[in-house]
Amino acid sequence: MKVVPRSFYARNTVNVAKDLLGKTLVRKIGNKIISGTITETEAYRYKDDPASHAFRGLTERNKVMFGEVGKAYVYFTYGMHYCVNAVARSKTYDAGAVLIRSIKPDQGINEMVKNRKIDSIANLTNGPAKLTQAMQITKMQYGEDLAKLSSLFITEGVKTKKILSSPRIGIKNGIDKLWNFKIEI
């Protein structure tokens with residue numbers, strides 16, 4: 001497994017969101033490996049993006065978005081779900097992150113099914129809360145270094161072909177930005 005280097009994340013957040021497609025998100029729990037190919041992402045920047053958690057400035061919740069690139073930004077939403085992001089931005093911005101919205105399960109599928117308590121592989125990890133539940137990603141992974149072998153990291157994956165872009169999902173502001181990216185695998 002070749003881990004994606006930190007320099008990959010030190011670029012325009014929108015470009016990183018596109019380039020994460022096809023990479024592999026890996027979760028290590030003890031001796032178990034759970035992984036999947038990233039199939040959908042969304043870019044969130046800083047002051048030019050009213051949908052970003054960083055838009056109004058630094059808080060305890062979003063502080064990792066302002067820190068070193070290549071770290072995991074995990075947050076709790078709707079009082080019940082976790083979402084995982086990769087901190088990514090160029091030097092032009094003080095903050096930025098890429099939400100990983102969906103993966104295609106690769107390794108540890110039985111473990112994912114057990115974690116989600118469902119039988120449908122098609123609906124196993126096709127949403128940001130579904131994939132964190134399937135991979136047991138919680139606040140414990142907040143700030144985890146995705147650019148090195150740890151309990152959560154990203155490796156090189158498959159070459160992508162056609163990338164589809166559309167408005168981001170579930171937001172009220174910044175809907176003009178076509179920063180949701182998907183691939184079919």
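This passage describes two pockets and the pairing of one strand in a predicted model.

The largest pocket encloses about 640 Å³ of space, and 26 residues line this pocket, with His 53, Tyr 75, Tyr 78, Gly 170 and Ile 171 lying nearest its centre. Two or more lining residues are contributed by each of strand S2 (32-44), strand S3 (72-77), strand S4 (81-87), strand S5 (97-107) and helix H4 (128-134). When the lining of the largest pocket is sorted by class, 14 residues are nonpolar, 7 are polar and 5 are charged.

The second largest pocket has a volume of about 150 Å³. Its lining draws on Lys 18, Asp 19, Leu 21, Gly 22 and Lys 23, together with Glu 156, Gly 157, Val 158, Lys 159, Thr 160 and Ile 163. By class, the lining of the second largest pocket comprises 5 charged residues, alongside 3 nonpolar and 3 polar ones.

Strand S1, which spans residues 24-29, is paired with two other strands, running antiparallel to S2 with 6 bridges between them and pairing with strand S6 (residues 152-155), likewise in the antiparallel sense, over 4 bridges. In the pairing of S1 with S2, Arg 27 stands opposite Ile 34, whereas Val 26 faces Phe 153 of S6 as its opposite residue. S1 and S2 also form a hairpin in which 2 residues separate the strands, and Gly 30, located in the turn, adopts a positive phi of about 60°. Strand S2 thus appears in both parts of this description, as a partner of S1 and as one of the elements lining the largest pocket.

How values were computed
Residues are numbered from 1 along each chain as its sequence is written. This is a predicted model: local features need pLDDT of at least 70, side-chain atom pairs count only at pLDDT 80 or more; totals for chains, interfaces and linings use all residues. Side-chain values use heavy atoms; hydrogens and water are left out. On a 1 Å grid over the protein atoms alone, a cavity is a set of points where a 1.4 Å probe fits but cannot get out, and a pocket is an open set with protein on both sides within 12 Å along at least five of seven lines; lining residues have an atom within 4 Å of a point. Grid points are joined across faces, edges and corners, and a volume is the space filled by probe spheres set on the points. Ala, Val, Leu, Ile, Met, Phe, Trp, Tyr, Cys and Pro count as nonpolar, Asp, Glu, Lys and Arg as charged, and the others, Gly among them, as polar. Two strands pair if DSSP finds at least two bridges between them.
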